[in-house]
Amino acid sequence: MAPKIWDVLSQSKRVIEAQPRHYLTLSLIFILPPIFISFFVNLLAKHFQQQPQQETIYPTLIFTLVSILFLLISSIFTFCAFISITYSVYQSFFNQPIKLKEAFKSISTSFFPLLATDILIFTIFIVGSFLVGLVIGVVSFLIKYLGGVNLQAYSYLAVVLVMLVFLPLLIYLMINFSLAKVIVVVESVWGFEPLRRSWKLVKGMKRLIFSISCLFGSLQLVLVWITGYSWVLILVISPIFAMLSLYGNAVLTVLYIYCKEKHEKLADEEFGKEKNEARLPLISS
């Protein structure tokens, strides 16, 4: 039987509370900066949108360049946060607390493999979207020119049908690849191998992964909406958003441990007594 959402959340909370200063430091260094940058860029975007079009040619160009630079910096910080937190949570789960030096060292070994795997995942989504769009385009062409149907009269229906086809495919791929990045950090593999491993490990756990993804995704959307592009709200919400990101990362790592326990069994010789002391509610088959 698969664990409940509460099991995963409680285990994640246990791991973080075991080393609160460690995770607080990682959050302050790697999570808060890209959050501030993201909110700052959104605030600037709203400002430029309110300006007359003829007066914003050069400022818009500058804003575009600055946004690209901020996006690059945010991506680097986000990768570092994911690697260091994932590595820390995985080790701490088995009562093997690590120091900040070890967490930083994990970044140097996993950054480029994670980047390569992330690019591969992005490419797969782009190719999948292109193929879906191509199929829809061919079908639309056949209906319009061979069937003599005026598709403009059914534009809203067509959009609904496209979303009904595209969204399930997108969600399906996201769930099956959800553990790939954790596998890159923990198992030191990259490319297609973490995708294959993730596809295998999520079997029987997809409903749980989907539920947790919806939970954290909804909370993040609510926080973004609350900010309302106000500086005061940004300063208040950003730390909350950072903690939510921290717990989301920890939950994903704990999910990986549950999935590995379910399908492969964690090796006693690898962790020794730490496995039993980790208080993992083992999944009964």
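Trainee: Does L131 count as buried, exposed or partly exposed, and why?

Mentor: L131 counts as partly exposed because its relative accessibility is 45%, between the 20% limit for buried and the 50% limit for exposed. Keep in mind that this is a predicted model.

Trainee: Thanks! Where is L131 found?

Mentor: L131 sits in helix 4, which covers residues 100-146.

Trainee: And which residues form a nonpolar patch on the surface?

Mentor: L131 belongs to that patch, together with V127, F130, L134, V138, F141 and L142. Their accessible area together is about 650 Å².

Trainee: Switching to the inside: how many cavities of 30 Å³ or more does the structure hold?

Mentor: Just one, and the volume of the largest cavity is about 40 Å³.

Trainee: What lines the largest cavity?

Mentor: Its lining is made of F125, G128, S129, F166, L169, L170 and L173. Helix 4 and helix 5 (155-176) are the elements that each give two or more residues, with helix 5 providing the largest share, four residues. By type, five are nonpolar, two polar and none charged.

Trainee: Okay, pockets now. How much space lies in the largest pocket?

Mentor: About 1800 Å³. It is lined by 50 residues, and T78, F82, K181, Q220 and L252 are the closest to its centre.

Trainee: Which element gives the largest share of that pocket's lining?

Mentor: Helix 3, with 10 residues. Other elements giving two or more include helix 2 (20-49), helix 8 (206-227) and helix 9 (231-263).

Trainee: How do the lining residues of the largest pocket divide by type?

Mentor: There are 36 nonpolar, 12 polar and two charged residues.

Notes. Residues numbered from 1 in each chain as written. Predicted model: local features only at pLDDT ≥ 70, side-chain atom pairs only at ≥ 80, totals over all residues. Heavy atoms only, no water. Patch = residues over 30% accessible without salt bridge, like charges linked within 9 Å, V, L, I, M, F, W, Y side chains within 5 Å. Areas by Shrake-Rupley, 256 points an atom, 1.4 Å probe, with all protein chains shown as cover. Salt bridge = Lys/Arg side-chain N within 4 Å of Asp/Glu carboxyl O. Buried < 20%, exposed > 50% of the residue type's maximum accessible area, 1.4 Å probe, protein only. 1 Å grid on protein atoms, 1.4 Å probe; cavity = no way out; pocket = protein on both sides within 12 Å on 5 of 7 lines; lining within 4 Å. Points joined across faces, edges and corners; volume = space filled by probe spheres on them. Nonpolar A, V, L, I, M, F, W, Y, C, P; charged D, E, K, R; others polar.
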